[in-house]
Structure formats: C-alpha cells, structure tokens
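Here are a few exercises on packing, each with a worked solution. Have a go before reading on.

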Amino acid sequence: MPTKHPVVFLTIDDGAVKSPESVRLLAANDLPASLFLTKNTIRDKPGFFRAFMEQGSLVENHTISHNVNMTTQWGYQRQLEDIAGMQEFAVQEYGRTPTLFRPPGGAYSTAMRQAVAAAGLKAIVTWEAKANVGRMDYQYGNSLRPGDIVLMHFRADFSADFAAFRAAQLAAGLEVVLLEEFLGIQ
C-alpha cells in the first residue's frame, strides 16, 4: 500500500493448522490480522477462527478450493463459483461478507478480476513480504517498509514465523494496522 504512514499490514492465509498458540500470540501482542481463509481447509473447524475475530481480526476470501492454477485451468464461471462460494460460507459462519480477496498462489488474470468484482469483493490483495520457516523473505529490499503487506500461513511453523515478523516489524518501527481499517472497507 503506498503510504508514508509508519504502518504494516499482517495477513494470514489458508487455515490448515488450528493451533491455540496462534490465537494466543496475536492476542498477547494485541495485533489484528486479515485472515484469508480457504473453505476446504477450515471446514473441519470453522469456529476456531472466531477467537481471532473477537480480537479485532477479519475473515477474508481465499476461495473454496485453493487451486493455485485456477487462472489457467478454469474459466470465468468456475472461478466465480469458487470465489462466490467462499463469500457465502464466510457470511454463514462469521456473519460478515468479506471485502478483500487473495488469489491462491498470488497469480490473477482478467477473468479472475472480473469474478472477484462479480462476487462483490472490493480488492485483490497480494503481498510484499512473507514470514517463511522462521525468517522474513522480501520482494523489495531487506526489511519491512511502510505500507508493506506481510503474508503468513496457519501452519506448524506459525510461532517461528510470527517471531520473525514481530522482530522485523519492531526493527522497522512500524505499527501493525488492520488493512481493512486502513482502506476504510471494514
């Protein structure tokens, strides 16, 4: 996000590993996150993510299937069904219609942009930095910058990834702000 404000945005994807430690870490540090969840990954325990919402995080759309090849394998209608299906699931489970979409794997096409808009979402969100196996990976430079969107995943390395993110965030002197709040699209 282009900004001169000293802020960074934490986003967490998928929902595969549902560890109470992840809830505790965000709560202990009073950090909100945009949760880009995938229905097929969370359907076994969707209620787990309500604890994050109670702390100020929001659930967003990461499709039903998480097909990283959907832009090349599927046409517009099938993409729309996968995206709109997650919209419906999120409303049923969490009582809120997602406003943001993250494409699985980060790739998107014109057809996907059209499907995202038709499903009622306001923006496609990618990332500039990623917490990965206890370290930070950057697309630009070697530290967090104001406005960076950081990607994490709900997986076994969550604690190590969170520690890497937190160290980078504090070193850069950036405040963690909820992306939806910053954009005014809660």
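**Exercise 1: around L37**

Task: using this predicted model, work out what L37 touches beyond four places in sequence, and where L37 fits in the nonpolar packing.

Solution. Start with the contact list: L37 touches D14, G15, I42, F49, V59, E60, N61, H62, T63, M86, Y94 and F154, leaving out residues up to four places away in sequence. Next, zoom out to the largest nonpolar core, which has 34 residues; L37 is among those with the most contacts inside it, along with I12, L35, F49, M136, L144 and F165. Then ask who supplies this core: β1, α1, β2, α5, β6, β8 and α7 each give two or more residues. Of these, α7 gives the most, with five residues. Finally, don't miss the second, separate core of 11 residues, which includes F36, V125, W127 and L151.

**Exercise 2: one side of α6**

Task: find the buried residues of α6 (residues 110-118) and say what they pack against.

Solution. The buried ones are M112, A115 and V116. They sit on the same side of α6, because they cover an arc of only 100° around the axis. That fits a general rule: an α-helix has 3.6 residues a turn, so residues three or four places apart point the same way. Now look across: the buried residues of α6 pack against α4, α5, β4 and β5. Just after α6, G120 takes a positive phi of about 90°.

**Exercise 3: D13**

Task: is D13 buried or exposed?

Solution. First locate D13: it lies in strand β1. Its relative accessible area is 2%, under the 20% cut-off, so D13 is buried. Beyond four places in sequence, D13 is in contact with F36, H62, R102, L151, M152, H153 and F154.

Technical notes
Residues are numbered from 1 along each chain as its sequence is written. This is a predicted model: local features need pLDDT of at least 70, side-chain atom pairs count only at pLDDT 80 or more; totals for chains, interfaces and linings use all residues. Side-chain values use heavy atoms; hydrogens and water are left out. A nonpolar core is a set of buried Ala, Val, Leu, Ile, Met, Phe, Trp, Tyr and Cys residues joined through side-chain atoms within 4.5 Å. Buried means under 20% relative accessible area, exposed over 50%, partly exposed in between (1.4 Å probe, protein chains only). Helices (H or I, at least four residues) and strands (E, at least two) are DSSP runs, numbered from the N terminus. Contact means heavy atoms within 4.5 Å. The arc is that of the directions from the helix axis to the C-beta atoms.
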